[in-house]
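Got the viewer open? Let's take a walk through the fold, one selection at a time.

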Amino acid sequence: MAKKYNIKVKRLPKDPGPAAWNSILPKPQQYPALTDDIQADWVIVGGGFAGFAAARRLSQLVGRSESIVLLEAGSLADGPSGRNSGFMIDLPHELNSETYAGAHEHDLQQIRLNREAIRFAANMAEEFGMDRKVFDPCGKVTAAGSDKGVEHIESYRKHLETLGEAYQLRSAAEMKDWTGSDFYSQGLFTPGAVMIQPAAFVRQVAAGLSERVAIYEHSPVTAFELGDVHKLITPKGSVKAKGVILAVNGHVQSFGFFPRQLLHVFTFASMTRALSKDEVRRLGGAKDWGILPADPMGTTVRRSSDYAGSGDRIVIRNHATLNQTLEASGSNMKRAAMLQDRSFANRFPMLQGVDMEYRWGGRLCLSWNSMPAFGELENRVWSACCQNGLGTVKGTLSGMMAAEQAVLGSSDMLQAFLEHQQPKMLPPEPFLSLGANMTMRWKEWQAGIEL
């Protein structure tokens, strides 16, 4: 018999600013709030990439013989899933590294797993009829605007060669033709990544699964009673179920799990208003593209052409802060806006006078040793959390794996995924937050013009 105890969820995360990728889309399909006491075989908490991957994989494994409920605290795609840069990256992308690279064998394993997650997402995109501008397997470009950035690219290029991965170097002239900007002196293209419109992707997956999965929005879990049958309590209802998957990234700590093991980092971004035809002409270049910075603390840039009436826009993403309260401050947002305006001006002087329509912050969850917060936490309660800054891919992967562990117990892919340690314990406060934020400010300064 399972031990019984109650968990009171300590807090709900707060996301600063609007989720721009969601805001620029037409009015979404809405799902009801949970207002009754219901029963299900499975409950998934969290309606992001991990939650919907878990729902999708569960539905494949159990068929229609078992019921699945998904609870989302807010509106779909208004949380972190609508606030990221929209890259699904197959190659090593270790944010704690100077050049994204990690240990050789670890990177080979991560590439294999990341590609399985991307294939899983691609299958959903095909089945649910997604437009190319929602799911575009176009590869990615890592780019540099300084000699130091070029050194980072060269180091990463050598690592890709040791891994046997294909790449192409792009000259300054090629970067200019592609982006319309004179800023970039070199780029490194790799073919395996996907660019997505993250909010549209999540919305369309939800619509595709809604006949099989009961989706509830505005239904945060406020308490959790564990026992032979678990009970999840929301403000106006509850769900009883034998199986629970927590797909809430860093918010898993609010349920009392992984204490002093998770880092709560906010990254910030700005999106322009829709460009006029004259501004599009002045910019030139390709209609859709994305750039990851050669320096992990540099600036990510995306240009997105009109999808569903959203207009041609540019996104600038940089600046990171550690906020262990799961809340970013007004001063965090103000500094991010200043840095992003400067980065935009450096890259697009021909677009002087173009204002930012949206500014926002998005939550990441990392661990000190870059390990996931994954596995069976209590009897029939699984965690698919801590994506270490790669929520689109690693969220998809952890959701898939949580479903497989819950239903199958084991699989070849799951065994490969489980070859990791637990998240490492963190230093005590206030040393953790002071040290981490000082380190990030120092690395931003070192990034120089790449920021």
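Start with strand S20, residues 356-366: this strand gives three residues to the lining of the second largest cavity, the largest share of that lining. Keep in mind as you go that you're looking at a predicted model.

Now select the whole lining. Pick Pro80, Asn249, Gly250, His251, His264, Phe266, Leu326, Arg363, Leu364 and Cys365. Besides S20, strand S16 (263-272) also supplies at least two residues of this lining. Colour your selection by class and you should get five nonpolar, four polar and one charged residues. The space they surround comes to about 60 Å³. How many cavities of 30 Å³ or more are there? The count is five.

Next stop, a pair of helices. Select H3 (residues 104-127) and H4 (residues 147-163), whose axes sit 10 Å apart and make an angle of about 75°. Because of that angle, H3 counts as roughly perpendicular to H4. To see where the two touch, show side chains for His104, Asp107, Leu108 and Ile111 on H3, then His159, Thr162 and Leu163 on H4. By class, this H3-H4 contact has three nonpolar residues, three polar ones and one charged.

Now for a sheet. Hide the helices for a moment and bring up six strands in the order S11-S4-S3-S15-S22-S21; together they form an open sheet with mixed pairing. Which strands are at the edges? Look for S11 (213-216) and S21 (373-378), each of which has a pairing partner on one side only. If you turn the sheet to look along it, the twist from one strand to the next averages 15°.

Zoom in on two of its strands: S3 (residues 42-45) and S4 (residues 68-71). Are they parallel or antiparallel? They're parallel, and four bridges join them. For a good spot to centre the view, click isoleucine 44, then look across to leucine 70 in S4, which stands opposite.

Last selection: bring back helix H9, residues 391-407. This helix lies across S3, S15 (243-246), S21 and S22 (381-385). Line up your view with S21 and you'll find H9 running at about 30° to that strand. With H9 shown over the sheet, you can also trace S21 as an edge strand and pick out S3 with its parallel partner S4.

Terms used
Residues numbered from 1 in each chain as written. Predicted model: local features only at pLDDT ≥ 70, side-chain atom pairs only at ≥ 80, totals over all residues. Heavy atoms only, no water. 1 Å grid on protein atoms, 1.4 Å probe; cavity = no way out; pocket = protein on both sides within 12 Å on 5 of 7 lines; lining within 4 Å. Points joined across faces, edges and corners; volume = space filled by probe spheres on them. Nonpolar A, V, L, I, M, F, W, Y, C, P; charged D, E, K, R; others polar. Axes fitted to C-alpha atoms, helices over the stretch in contact; angles between N-to-C directions. Parallel < 35°, antiparallel > 145°, perpendicular 65-115°, else oblique. Contact = heavy atoms within 4.5 Å. Pairing = 2+ DSSP bridges.
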